[in-house]
Amino acid sequence: MIARIPEAWRTPVLTVSTVALAMAGAAVVGGMNARDALAGVDLSRKPLDVTVRLPFEPERFHLEAFQEVGRYQGWTEDGAVIRAADPEGLRRLARNYWVDEIAALEID
Amino acid sequence: MADTAFSPPPTRRLPLPGRAQRRGALGILVVLALWQISVWLIDLPAYFYPAPTDVFAAFVELMHKGILPAYLLDSAGRYGAGVALGLSMGVGFGLLIGLSRFWSRLLAPLINFFYAIVEVAWIPLLVIWIGYGFNTILIAITYVVFFPVLYNTLTGVRTVQPVLINAMRTLGANRRQVVTSVILPSALPNIITGFRVGAGFAFRGLIFAEMIAAGSGLGFLIFEGATTRQTDRVVVGMIMMGLLWLLLDRLLLRPVERATIERWGLIRAQGDGA
């Protein structure tokens, strides 16, 4: 297969293929991560209030990601509280490897 | 004959790094060692002069928190879009000006004028007109790529051997056929050289634009790191810029340029060069 590519074009073709393969791999891993992270959430529930658990304190980058999903209410010891979350946005958020778990917000 | 018929197939070894690569790696190691020693000797606060170990720790942290991969992807997307747009506009205008005396007279003074205005001067104005974000950065990168591609395309078009054009015309070729069969292939090595130069400038344009007009990306990482005194992050951003350019140039731009010159150029590529 590689031998068929003219020698002069081998490095660029292999580089582009490797990048494409890495991105496809990242997409697959992201999909698996999303399935695991969202396992305990009923996405059809309304209002969809959730806690996003991270292994670290969020920075500006993460807060912006939360705000794209819903109303970010604050950071507690359980994680980031997001109210009125958009299900599609939550699926997107859960694809990130830095998200440990997304759980339905328990109201005491 | 019988000996060779049953001999094992020749094993293909992975090429070992050459002397140049080994010396390059050694140079990097020496710089890192000197940097670390200078940190011990000077003994300044880490926020002022971070050690290589601090920078590595910041790199690991940024990867762990998902910030660096996201910023890298953002920058790469903007860079790719800007370079593609700048390339297509540069080639288009280069052909237009190179092939038509009317357009050349009309546009040449304007293009010369705008060539002198660096993209950094445009960014504040673009922010006022368009606002922060992708479009401003895209225009800034396109602007940076446009000029080297245009001037190189122009050189390529104007240095086509007239004998080739005349030969095509003698054979009954129309204007379109002359352009597609002679002028474009002849100008291609110049266009690719302009593309490589423009792609290098685009990197600087991207970082400038992201520092001023973005909320993500490598330029933003550097800018935010400086404002929050996280200098280790600033250095991570700088090293990522250098590494990205090195990989892009070595693995994509330089081989494409060499392949194009080998296929369409009059000069055969002679090795790698510096």
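Author: A residue is called buried if 20 or more other C-beta atoms lie within 10 Å of its own, exposed if 12 or fewer, and partly exposed in between. The model discussed here is predicted.

Reader: Does R229(B) count as buried, exposed or partly exposed?

Author: R229(B) sits in the loop between helix 10 (218-227) and helix 11 of chain B, and its phi is near 60 degrees, a positive value in a residue other than glycine. Most residues other than glycine have a negative phi. Because R229(B) has 13 C-beta neighbours inside 10 Å, the class that applies is partly exposed.

Reader: Which element gives the largest share of the side of chain B that touches chain A?

Author: The contact draws 11 residues from chain B and 11 residues from chain A. On the side of chain B, the elements giving two or more residues are helix 4 and helix 11 (231-264). By class, the residues of that side are seven nonpolar, one polar and three charged. The largest share, seven residues, is given by helix 11 of chain B.

Reader: How do helix 4 and helix 7 of chain B pass each other, in a left-handed or a right-handed crossing?

Author: The axes of helix 4 (residues 67-99) and helix 7 (residues 134-158) of chain B come within 6 Å and cross at roughly 35 degrees. Their contact has 22 nonpolar, seven polar and two charged residues. The crossing of helix 4 of chain B with helix 7 of chain B is right-handed.

Reader: Why do the buried residues of helix 3 of chain B lie on the same side of the helix?

Author: Helix 3 (residues 52-64) of chain B has 13 residues and reaches 18 Å from its first C-alpha to its last, close to the 18 Å expected at 1.5 Å a residue. Its buried residues are V55(B), A58(B) and L62(B). An α-helix has 3.6 residues a turn, so residues three or four places apart point the same way. The buried residues of helix 3 of chain B are on the same side because they cover an arc around the axis of only 60 degrees.

Reader: Which residue just after helix 3 of chain B takes a positive phi?

Author: Helix 3 belongs to a chain B that has 11 helices and zero strands. Just after helix 3, a positive phi of about 75 degrees is taken by G66(B).

Reader: What is the omega of the cis peptide bond from K46(A) to P47(A)?

Author: P47(A) is placed in the loop between helix 1 (7-37) and strand 1 (50-53) of chain A. Most peptide bonds are trans. The bond from K46(A) to P47(A) is cis, with omega near -5 degrees.

Methods: Residues are numbered from 1 along each chain as its sequence is written. Chains are lettered from A and ligands numbered from 1 in the order in which they are written. This is a predicted model: local features need pLDDT of at least 70, side-chain atom pairs count only at pLDDT 80 or more; totals for chains, interfaces and linings use all residues. Axes are lines fitted to C-alpha atoms, for helices over the stretch in contact, and angles run from 0 to 180 degrees between N-to-C directions. Helices (H or I, at least four residues) and strands (E, at least two) are DSSP runs, numbered from the N terminus. A crossing is left-handed if the near helix is turned anticlockwise from the far one by less than a right angle, and right-handed if clockwise. Ala, Val, Leu, Ile, Met, Phe, Trp, Tyr, Cys and Pro count as nonpolar, Asp, Glu, Lys and Arg as charged, and the others, Gly among them, as polar. Two residues are in contact if their C-beta atoms, placed from the backbone, lie within 7 Å. The expected span of a helix is 1.5 Å times one less than its number of residues. The arc is that of the directions from the helix axis to the C-beta atoms.
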